[in-house]
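Got your viewer open? Let's take a walk through this one, a stop at a time, and see what turns up when you click.

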Amino acid sequence: MMETLDTLDIIKNTAGKILSVDFGDVRTGLAVSDPSRMLASGLGYISPGGIEKTADAVAEAAVENGVSAIVVGLPVNMDGSKGSRAQRCEKFARMLKERTALPVATFDERMTTMTASRYLNETGTRGKKRKQVIDTLSAQIILQNCLDRLKYMN
């Protein structure tokens with residue numbers, strides 16, 4: 001049976017920190033909120049290799065950081081449709097839900113990488129340093145956007 005993903009409504013009704021994941025085949029960026037859910041902070045990135053090992057590593061990060069929920073960035077197409085990349089992210093999110101028993105939701109990450117790239121351009125971050133921070137920054141942007149959305153949900 002395919003595990004269903006939670007909605008932001010379920011996450012809103014939990015208390016505590018949220019872990020954000022920008023899942024990638026090579027690097028996966030992580031960010032965490034403060035307990036009051038006001039601010040997202042980057043944790044760094046992991047690159048264990050393969051979807052299974054990455055899910056295990058993210059589940060471990062969730063425990064280490066004492067989070068109460070996880071949000072996985074969902075790369076929805078500009079027209080709102082879901083391509084193969086979005087389907088892979090949903091599969092990854094379901095794997096996290098099975099491994100952690102925490103609420104796990106996906107969150108639209110359209111334009112996140114572009115926003116992160118623009119910020120890195122403005123700060124003059126180039127080359128190897130850029131590769132090291134873009135996934136973390138993307139996870140942080142996803143989480144901050146999610147936190148902002150949660151504030152305005154009824």
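One thing before we set off: this is a predicted model.

**Stop 1: a salt bridge across the chain**

Start by selecting Asp 135. With a relative accessible area of 12%, Asp 135 is buried. Now add Arg 27, which is partly exposed because its relative accessible area is 23%, between the 20% and 50% cut-offs. The two side chains meet in a salt bridge, 2.7 Å from N to O. Look at where the partners come from: Asp 135 sits in helix α5, while Arg 27 belongs to the loop between β1 and β2 (28–33). That pair links distant parts of the chain, 108 residues apart. You have just seen one salt bridge; how many does the structure hold? There are seven of them.

**Stop 2: along helix α5**

Stay with α5, which covers residues 127–151, and pick Lys 151 and Asp 148. These two form a salt bridge as well, with their closest N and O atoms 3.4 Å apart. They are three residues apart in the helix, so about one helical turn separates them. As a rule, an α-helix has 3.6 residues a turn, so residues three or four places apart point the same way. Lys 151 is partly exposed at 40% relative accessible area, and Asp 148 is partly exposed too, at 29%.

Next, select Gln 144, also in α5. Which residues does Gln 144 touch, leaving aside its neighbours within four places in sequence? They are Met 38, Leu 39 and Ala 40. Zoom in on Met 38: its backbone oxygen lies 3.2 Å from a polar atom of the Gln 144 side chain.

**Stop 3: helix α3**

Jump to residues 84–100, which make up helix α3. Try putting a distance between its end C-alpha atoms: they are 24 Å apart, in agreement with the 24 Å that its 17 residues should span at 1.5 Å a residue. Colour the buried residues of α3, among them Ala 86, Cys 89, Phe 92, Met 95 and Leu 96. What covers them? The cover includes β1 (18–22), α2 (51–64), β4 (69–74) and β5 (104–108).

Glu 90 is worth its own click. It is buried, with a relative accessible area of 14%, and Lys 82 forms a salt bridge with it, the closest N and O atoms being 2.6 Å apart. Lys 82 itself is partly exposed, at 44% relative accessibility. In general, side chains of opposite charge can pair when their charged atoms come close.

Before you leave, step just past the helix to Ala 101, which follows α3 and has a positive phi, near 60 degrees.

**Stop 4: a nonpolar patch**

Switch to a surface view and select Met 78, Met 111 and Met 114. Together they make a nonpolar surface patch of about 320 Å². Met 114 is found in helix α4 (residues 112–122) and counts as partly exposed, at 45% relative accessibility.

**Stop 5: out on a loop**

For the last stop, follow the chain to Gly 124, in the loop between α4 and α5. Is Gly 124 buried or partly exposed? At 47% relative accessibility, it counts as partly exposed. Finish by drawing a line from Gly 124 to Asp 25: they are 99 residues apart along the chain, and 26 Å separates their C-alpha atoms.

Conventions: Residues numbered from 1 in each chain as written. Predicted model: local features only at pLDDT ≥ 70, side-chain atom pairs only at ≥ 80, totals over all residues. Heavy atoms only, no water. Patch = residues over 30% accessible without salt bridge, like charges linked within 9 Å, V, L, I, M, F, W, Y side chains within 5 Å. Areas by Shrake-Rupley, 256 points an atom, 1.4 Å probe, with all protein chains shown as cover. Salt bridge = Lys/Arg side-chain N within 4 Å of Asp/Glu carboxyl O. Helix = DSSP H or I, 4+ residues; strand = E, 2+ residues; numbered from the N terminus. Buried < 20%, exposed > 50% of the residue type's maximum accessible area, 1.4 Å probe, protein only. Expected span 1.5 Å × (residues − 1). Contact = heavy atoms within 4.5 Å. Polar contact = N/O pair within 3.5 Å; in protein donor to acceptor, adjacent residues only side chain to side chain.
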